[in-house]
Each structure stands twice: as C-alpha cells, then as structure tokens.
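Here's a quick walk through who touches whom in this model. Have the coordinates open while you read.

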Amino acid sequence: MNKILIIEDDKTLSEELSILLNNAGYTAEKVTDFGNVSSLLKSSGADLILMDINLPGENGEALLQEFRKTKDTPVIMLTSRTAELDELISMSYGADDYITKPYNPTILLLRISAVLKRTRKTGQEMIYKDVHVSTLKGTLSRNGAEQMLTKNEMLIFRLLLDHSGEIVSRDDLMTVLWDNNEFINDNALSVNISRLRNKLADLGLPEAIETRKKQGYVLK
Amino acid sequence: MNFFAYIKDKKYTLLIRGVFYFIVLIFLTALKTPTVSVITVTGVLVPACLLADMVEFNRRRAFYNAVFSNLENLDRKYLISEMLPDADFLEGRLLSEILMDSSKSMAENVAVYRLQTKEFREYIEMWVHEAKLPVAALELICKNNPDVRAKMTGQLKKIDDYIENVLYYARSENAEKDYVIKEYSLQKAFGNAAVKSRELLQLANAEIDASDLDHTVLTDGKWLEFIIGQFIANSLKYAHPSRPLIIKVRAEETEDRVTFYFRDNGIGIPETDLPRIFEKSFTGLNGRKNPGSTGMGLYIVKSLCTRLGHSVTVSSQEDVCTEFALSFAKSTLLKISR
C-alpha cells in the first residue's frame, strides 16, 4: 500500500486529509512536529509527499529544494496562494504537482494517483479479471472479442477499475469527466454508464457494474 | 498675462502717480514756470514711468509664461512645483516657496494614504489566504462525510467565490505586477473554471458546448480562470427561468488575435444597460431584480483585462442571449525569441 506523508500545519486540514487518504486506500502519515521536518522528510520512506508551502518556521519551497538534492520521491505542493509565480517556483524546485486550496478532494486524489502512476512508470495496459484494458487503443478485449470504448466510457471504466470493489459516486465520476473536458450533465452520465454496461455485457460480463441506490456504482 | 491686465492691476500705483503729477503741476503753475518746462518735465516723467512698468512687466511675463506652459505640458499638474523656473523678482520667489511647501505637505499626506491602502491590501491578501484554509478543511470534511456533502457543497462554493472576488479586486486595483504572462491553453483555462463551478452548473442542469478551444493565448492562467469563472457565475445568476441554461464557448484565431467567445441563453442585458455593465457598482435593471448583484464581478473582469492587455466586450439580445468576447493579442516577439 502506498504511504503518503502529509506536511500541513493546519490541524483540521491535516486530520481531514489523512481521513480522505485512508478512505482512498492509502496509508497516511501526518507530521505533527515541525521542528525537524527536513530530517523527517529524509527518513520517512513515503511513496509520496503532500507539502504545504507555508510551514511554521520553514518555507516549503526551500525544504523541497533541499530535499531534492538527495531524493526523488514525488512531491505535491499544497498552497493557498493563487499566484502563478509560486507555481513556477515550486515546479522549478522539483515539485511533481501543485494544488491550490481549497482543492476539490476528488481532483486531489486523481492528481495523487496520476503522480504515483507517472513516477512508477507503469504502462497504459491494465487488467480487469480476464479483460485486457488498453487505454491507448481505447479498447476492452476478452477471449479474442474486442469492444471499442468512447473517451467518456474509458474514463468511467478506469475510475471504477481503480476503485474496484468500492463505491464510486456519480459526483466523483462527474468530477473526473469534467476534469477531462467532457462537460456532460446528469442524463448524459446515465447514458454513458448504460452504454458501458452494454459493451461489458457483449463481452460476457453483464453484471460487472452494480448500481448502489443513492451512493454510486461498484465494479465487481 | 498681457500688458493691459498688468497695468489694470497696477491701478493704485497709477492713481498715486497721477495725483502727485497733478500736485507737481499745480506747484509749477503757481511758480509761474514756463509752459516749455512743464511740457519737458511731463515728457520726461511719463515715458520714464511707462518704461519702468514695461521692464517690470517683462520680468514677470517671462516667469509666468514659463509656469503656464509647464502646467499645460504636465499630465500630473500637482508636480508643477518641481518644474518652476527661477524667478528674479520677489513675488515669483514667494510663489515658488509657497508651492514647494504646499506640495511637499501634500506628498506627505498622500504617502500616508498610500501606505494605508498598501497595508490594507496586504491584509486583505493575507486574510484571503487564511480564509481559504477553513474552506479547504470544510471541503475535505464534506468529502469524508457524504451525508452533509450535498447540502454544503453549493454554499461552500459560494463562499469560495466571494473570497476569490475580494482577492482579485485587491489585485486589480494595485499597481504591482503579481501576474506572470505566459502561453496558456484556452481549453485548460475553461476546463478548470468549469470544474470549479461543476456542482452549481449541474444543479442548474446546464448544458455546456465547448468547441474549438484548442488555442494557446498569452495570459496569466489564474487570472484568466477567474475571469471565465465570473462569466459562468453570471450565466448561472441570470439564467432564463423558463428554459435550461446552455453555455456555448468557442475560440477564433486570426492573424494577430485569438478571441474567446462565451455565450449563454440567459435573460440577456437591456440595451440601455449594455454600455455600463463594466462600471464599478453598476447593477442595472437585472441587478435590481436579482438581490445577489454587487456590480463588482464584471468591473473586476474589466480591470484585470486592462492590466493583462486583453480586451473584453459584450453583446446581448434581451431575453435571448448574452455573449462576452475576450480578445488576446498574439505576440510575434515571443516566437522570435524561441
């Protein structure tokens, strides 16, 4: 399981972030003592670091620059400042991503998984049961049969697959779709899901996506 | 300054001279001085007086003409005390001294207010960053507690919007450059702005039709997203009550410009209000019907655009549609430097 180190001095934020990350299946670790962040950073062995730019007594950007001299663990900077300059500085100091508060939690999770994927350099191929998922070709194939998915369907399927066995809310699906410039409305989402279901049924998996009333969908 | 006005101003001097000349004349007549002598005295005295007046007039005219022409050429007239020519007569020197003193004191006075404004602005910026923390925390709490989420998300979004408004207002009013202009994708800017307002757009069951946004423009990404966010907020606020909201965005590229069009099918803007909608605190006819109008949103949009060097225009058909056009200049310089 991926371990994520949270360096955020606001107690509520840090607490809620760790709940969010734990719910999403990561192991979250909070920094509570800000006296010695720099050595903590080096010894933590986390897979990813979420770091606030403004820390008591320290500057996140300087910490990052220092940290980057020895390690290349992915770092996502969190900030409440919305200035382009801060973003540029953070990125040039070696941050992998930069998110301004208040962040959309779903998007934050997406960014985290994107950064983790990118740094682990996993390929674009995934497996669901015995279905071969190719995001490059946009296809699902099983036992020689192949189904083409549209961009929307692929986005939906991948999110469900990333959280297979868990409930994914319609809201999360929407956030991901909109984040990919597919500004669809509620009806269109239902249409997309039923099309995806039909395609899965054609591959011989009619009950793969289950609807949970008022909660969302689960890929079984 | 002309000679006639100058002489008119010297009326008491002239009067006294006249009276004394008359007294001298009476004396001369009483002493039975020959007429020739009287004429000679008059002939010497009157031109001498006139000559003295003209010399004095010329000294002053040179000084005041220089002052007036400097004043004319200055676009900030209060700097006149810095541009005073040297006077070689007493009143001129006094005037210079007075102007210097008074403008120095005014400069100090202005500096006090400038500092106050700066401190206030810095406080607002800091406040905004602090206010964003609890908003961020609340968003996470919502996410972690799905039962309160539906009720709170919309309100949170509104709080966040109001906070952003304050920030960009503070930024649009100050002269410092806290933006970075670089190439930015219109697709990305619109996408980010739309995602930020997704909940409200979905609540309104809005349809979004984004086409041909595949252009990059020279702008500050954060500012542009705020500007587009304002357009979206306006569309939501002034949606037509009897039909679902449709937002159409597209971009057009010409030789030297990229223009971004944002069109909605809302209630539109009355023609009489159109020329004034970018004015500060102008709410117009629609504003009177909608209690949420502050008249600040589009004003901030306009001032941000002015500072970024973009142009923004609006056209509307009442009861049919409103369209904002945001136009970005293309820089040939940047391409050469690549």
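How many residues does the contact take from chain B and from chain A? Chain B puts in 36 residues and chain A puts in 35. Keep in mind that this is a predicted model.

## Where the chains meet

Chain B and chain A bury about 3,200 Å² between them, with 58% of that area on carbon and sulfur atoms. On the chain B side, Leu140(B), Arg198(B) and Lys222(B) supply 20% of the area buried against chain A, more than any other three residues.

As for charges, there are 2 salt bridges between chain B and chain A. In a salt bridge with an N to O distance of 2.9 Å, the side chain of Lys143(B) meets that of Asp172(A). The rule also finds 5 residue pairs in polar contact across this interface, both residues at pLDDT 80 or more.

## What chain B brings

Several elements of chain B each give at least two residues to the side touching chain A, among them α4 (90-144), α5 (146-173) and α8 (221-237). The most comes from α4(B), with 11 residues. By type, that side of chain B splits into 17 nonpolar, 7 polar and 12 charged residues.

## Inside chain A

The domain assignment cuts chain A into domain 1 (3-120) and domain 2 (125-219), and their C-alpha centres sit 30 Å apart. Here 5 residues of domain 1 are in contact with 7 residues of domain 2.

These two domains of chain A bury about 560 Å² between them, 54% of it on carbon and sulfur atoms. Thr106(A), Leu110(A) and Lys117(A) supply 64% of what domain 1 buries against domain 2. The rule finds 0 salt bridges across this domain interface, and the count of residue pairs in polar contact is 1.

Notes. Residues numbered from 1 in each chain as written. Chains lettered and ligands numbered in written order. Predicted model: local features only at pLDDT ≥ 70, side-chain atom pairs only at ≥ 80, totals over all residues. Heavy atoms only, no water. Domains from an automatic or database assignment. Contact = heavy atoms within 4.5 Å. Buried area = accessible area lost by both parts, 1.4 Å probe. Salt bridge = Lys/Arg side-chain N within 4 Å of Asp/Glu carboxyl O. Polar contact = N/O pair within 3.5 Å; in protein donor to acceptor, adjacent residues only side chain to side chain. Helix = DSSP H or I, 4+ residues; strand = E, 2+ residues; numbered from the N terminus. Nonpolar A, V, L, I, M, F, W, Y, C, P; charged D, E, K, R; others polar.
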